Structure formats: structure tokens, C-alpha cells
Amino acid sequence: MKIEMVDLKSQYNNIKSEIDSAVVSCLESSSFINGPEVKEFQSNLQQYLNVKHVIPCANGTDSLQIAMMALDLKKGDEVICPSFTYVATAEVIGLMGLTPVMVDVDPSTFNLTASDIERAITSKTKAIVPVHLYGQSCDMEPIMKLAEKYDLFVIEDNAQAIGAVYTFSDGRLAKTGTIGHIGSTSFFPSKNLGCYGDGGALMTNDDELADKMRMIGNHGQEKKYYHKVLGCNSRLDTIQAAILNIKLRYLDEYNISRNLMANYYDEAFSTINEIEVPKRQYNSTHVFHQYTVKVKNGRRNELQQYLSEKKIPSMIYYPLPLYKQEAFKQFVSTDFKLDTTEKLCDEVISLPIHTEMNIDHLEFICNSIKSFFI
Ligand SMILES: Cc1ncc(COP(=O)(O)O)c(C=O)c1O
């Protein structure tokens with residue numbers, strides 16, 4: 001039995017005939033850039049997310065950059081983001097000449113909280129980038145209230161949580177990525193909604209921001225060869241859009257199957273004191289982009305080694321806080337330290353979770369982990 005961290009090949013085989021015919025149809029039309037499938041995907045995703053505008057682009061990192069370009073942030077402006085996230089979130093902030101202000105995350109949800117954000121706000125703060133890490137929404141209502149109080153923009157980094165639903169205190173539901181001023185996402189192949197190369201998108205309910213982001217992603221042009229602002233070349237390929245149109249139909253089904261696997265893991269680990277399973281927030285669904293547990297008593301690395309001997313893949317997302325990375329030292333003092341982030345980097349381990357996993361895989365992984373702790 002071969003266990004994969006993510007099994008894109010089996011997933012493809014299950015939808016092969018639909019994908020193949022969509023790709024062949026793109027090849028035959030040869031409309032490789034901005035073909036009709038891109039518009040179709042834009043409209044399908046708008047409908048799925050219940051958002052006014054979706055602007056497809058080349059990848060998730062570009063989507064964050066285009067969002068920040070559209071907000072007219074100036075050199076030296078501060079942007080608050082978590083220190084426990086994928087590099088792209090903070091990388092783009094630094095690359096734009098802005099200052100990433102990294103704050104700690106909640107130890108049980110792995111997400112930014114309004115109280116930690118508020119402590120980091122200064123007169124230079126212009127924006128907040130909450131990341132819905134591993135597939136569960138940050139508590140967005142207090143974050144949006146804070147943003148209103150201090151007049152800040154909110155860009156949701158929704159690369160890991162597409163399809164997750166947040167519930168406001170009045171019962172209103174919203175998909176992640178549609179709550180802030182701008183949402184950004186990635187269609188990297190291993191994402192819950194992944195294409196077969198690079199892809200990304202922005203979302204917003206603001207008409208003006210939508211026009212601006214569309215223009216920035218297309219060389220700053222409103223009309224062909226008339227460039228209003230400096231932009232970039234960031235388009236979603238037609239072939240990728242055609243693939244995403246098909247995969248979007250399966251997204252809810254995929255997210256349900258990830259939840260069933262997470263439930264199985266939760267149950268299996270309930271008797272192991274050294275493992276803390278991921279907390280489910282009362283006001284967000286979880287789409288389990290990753291199933292990430294915390295391993296106590298300093299045994300995380302030993303467990304990973306044991307799993308690898310049993311040919312069970314696992315990943316550490318993320319092994320080093322961003323502020324300790326060489327590239328980010330310029331933004332922090334030498335003694336800068338965030339306790340929860342440091343602890344999480346030592347304790348977290350993500351286990352295989354994908355749409356083609358079966359009960360035999362789960363049983364083998366869980367029994368192996370149980371026998372490690374006995
Ligand atoms: C939280 C987060 N933000 C941004 C990105 C960047 O997306 P991409 O790889 O499509 O540029 C990723 C992708 O891994 C991510 O996980």
C-alpha cells in the first residue's frame with residue numbers, strides 16, 4: 001500500500017474523461033490566453049463564493065501583490081500578518097516596500113486574533129492580512145470591526161481555505177475570501193481547488209477595487225495599449241481555467257471527504273495524550289487543506305522519523321518562524337520572538353489528507369501512530 005501526502009494522479013484518474021475533453025477543446029480552439037473558459041470560471045467562482053467580482057490571475061502570490069498594489073499602499077506603510085504562515089503572505093508585503101508586522105497566532109486555531117492584531121497597530125498600519133490557515137476561517141467579525149475602528153484594509157489570504165464558511169454573530173454566512181475588502185487565493189495543484197499548474201484569483205464586492213485589480217493584472221491597461229498605471233502580467237491560462245471549471249463542481253464533495261478523514265483521525269487520536277487534534281471553531285467550517293496536529297513532550301521529530309520509516313509521508317508546515325528566516329531579518333530586531341509561533345514550529349505535523357484516501361490508508365496511519373505512543 002502506497003500512501004501519498006496528496007494524490008493528484010488518482011484524483012485526475014477519477015475525473016479523467018471530463019478533464020481530457022476540456023483540455024482538448026482548449027487545444028483545438030487555441031485560445032490559450034483569455035479564452036472563454038476564463039470568463040466562465042470567473043462567473044462560476046463568483047456564483048460559488050457569492051461574491052460580486054472574481055479576478056483570476058497567475059498564482060496566489062501574484063494575487064496578494066495585485067491586492068496590495070490596488071490599495072495604493074506607500075513605502076514604509078505597515079501591514080500586519082501572521083508569523084506562522086506560508087512565506088508568500090509576508091514576502092509580498094516586503095517586496096512591495098511595505099513593512100510586514102508579524103504577530104502571533106492563537107495556539108489552538110493557528111490563526112490571527114483581533115486582540116493580537118490590535119496590540120500591533122500603530123499610526124503607520126494600513127492593512128491586515130489574515131490567513132485562514134490549514135482550511136479554517138480566522139474569526140473575521142472582530143477583525144473587520146477592528147479594521148473599521150482604525151480605518152484599515154483587510155486582505156484575506158484564502159489560499160488554504162477555499163469553500164470554508166464563516167458564520168457572523170447575527171447568523172449571516174459568508175465564504176472565506178469574501179469577508180474582507182479583498183480576498184486572495186491560490187490554485188496551486190495541491191490546494192483544495194487546484195489546477196494543473198499555477199493559478200490564483202482575487203475576489204471583492206467593491207466595484208472600484210475590482211476594476212483596478214483587473215487593470216493591474218493586465219499591465220495596467222484599461223484599453224489595449226493604453227496603460228493607466230504600472231501593472232504586471234498575471235493571467236490565468238485558459239487551459240487552467242477549463243480544468244478549474246470542472247474541479248469547482250467537485251469542490252464541496254472534496255471538502256466533505258476531507259472532513260470525513262479528519263473525523264477519523266480525531267477519533268483515533270482521542271486516546272493519545274501526546275497528540276492535540278485541530279480545534280474546530282464554532283463559527284467556521286473547516287475544509288482541512290491540512291490535517292495538522294500538535295505533538296507534545298518534544299516528540300514531534302521522533303514521530304516524523306518513525307512515520308518515514310513506515311513509509312507514511314508527513315510535512316511540517318512550518319518549521320521556522322518567518323521572522324527567523326534570513327530574508328525577513330531586515331524587518332525585525334535580533335531579539336524578536338513570538339512564543340506561540342516558536343512552539344508551533346516545534347510541535348506541528350501535518351498528516352496525509354486528500355480526496356482519494358481510503359479506510360485502509362487511514363487505519364494504517366492511525367495504528368502506526370498509536371503504536372508509536374504506546
Ligand atoms: C497561505 C498561502 N498564501 C499564499 C500562497 C501562494 O500561492 P501560490 O503558490 O499560488 O503563489 C500559498 C501557497 O502555497 C499559501 O499557502
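## Surface and charges

The protein exposes about 16700 Å², and carbon and sulfur atoms supply 51% of that area. Keep in mind as you read that this is a predicted model.

What about the charges? The protein carries 37 positive and 47 negative charges, and the mean positions of the two sets are 2 Å apart.

## Overall build

Welcome to the fold itself. The protein has 12 helices and 14 strands. Its radius of gyration is 21 Å, close to the 21 Å that the globule rule gives for 374 residues, so the protein is as compact as a globular protein of that length. Taken along the principal axes, the C-alpha atoms fill a box of roughly 70 × 55 × 45 Å.

Turning to the interior, 57% of the 374 residues count as buried. Contacts also reach across the sequence: among those between residues at least 6 apart, 73% join residues at least 24 apart.

## Helix α5 and its surroundings

Helix α5 covers residues 87-95. Its buried residues are Ala-88, Thr-89, Ala-90, Val-92, Ile-93 and Gly-94. Which elements do the buried residues of α5 pack against? They pack against one helix, α4 (60-70), and against the strands β2 (78-82), β3 (99-103) and β5 (153-157).

Look just past the end of α5 and you will find Gly-97, which takes a positive phi of about 80°.

## A sheet of three strands

Now find β12, β13 and β14. These 3 strands form an open sheet, in that order, with antiparallel pairing. Strands β12 (275-276) and β14 (348-351) stand at the edges with a single partner strand each, so one side of each is left without a neighbour in the sheet.

How many bridges join β13 to β14? There are 4 of them, and the two strands, with β13 spanning residues 291-295, run antiparallel. For a landmark in this pairing, look for Thr-292, which stands opposite Ser-350 in β14.

## Asn-59, a loop residue

One last stop is Asn-59, in the loop between β1 (53-57) and α4. The helix that follows this loop, α4, is one of the elements that the buried residues of α5 pack against.

Which residues does Asn-59 contact, leaving aside its neighbours within four places in sequence? Asn-59 is in contact with Thr-185, Asp-198, Gly-199 and Gly-200. You can also compare its position with that of Ile-216: Asn-59 and Ile-216 are 157 residues apart in sequence, and their C-alpha atoms are 14 Å apart in space.

Definitions and conventions
Residues numbered from 1 in each chain as written. Predicted model: local features only at pLDDT ≥ 70, side-chain atom pairs only at ≥ 80, totals over all residues. Heavy atoms only, no water. Rg over C-alpha atoms; globule rule 2.2 N^0.38 Å. Buried < 20%, exposed > 50% of the residue type's maximum accessible area, 1.4 Å probe, protein only. Contact = heavy atoms within 4.5 Å. Areas by Shrake-Rupley, 256 points an atom, 1.4 Å probe, with all protein chains shown as cover. Lys, Arg positive; Asp, Glu negative; His and termini not counted. Charge placed at Lys NZ, Arg CZ, Asp CG, Glu CD. Pairing = 2+ DSSP bridges.
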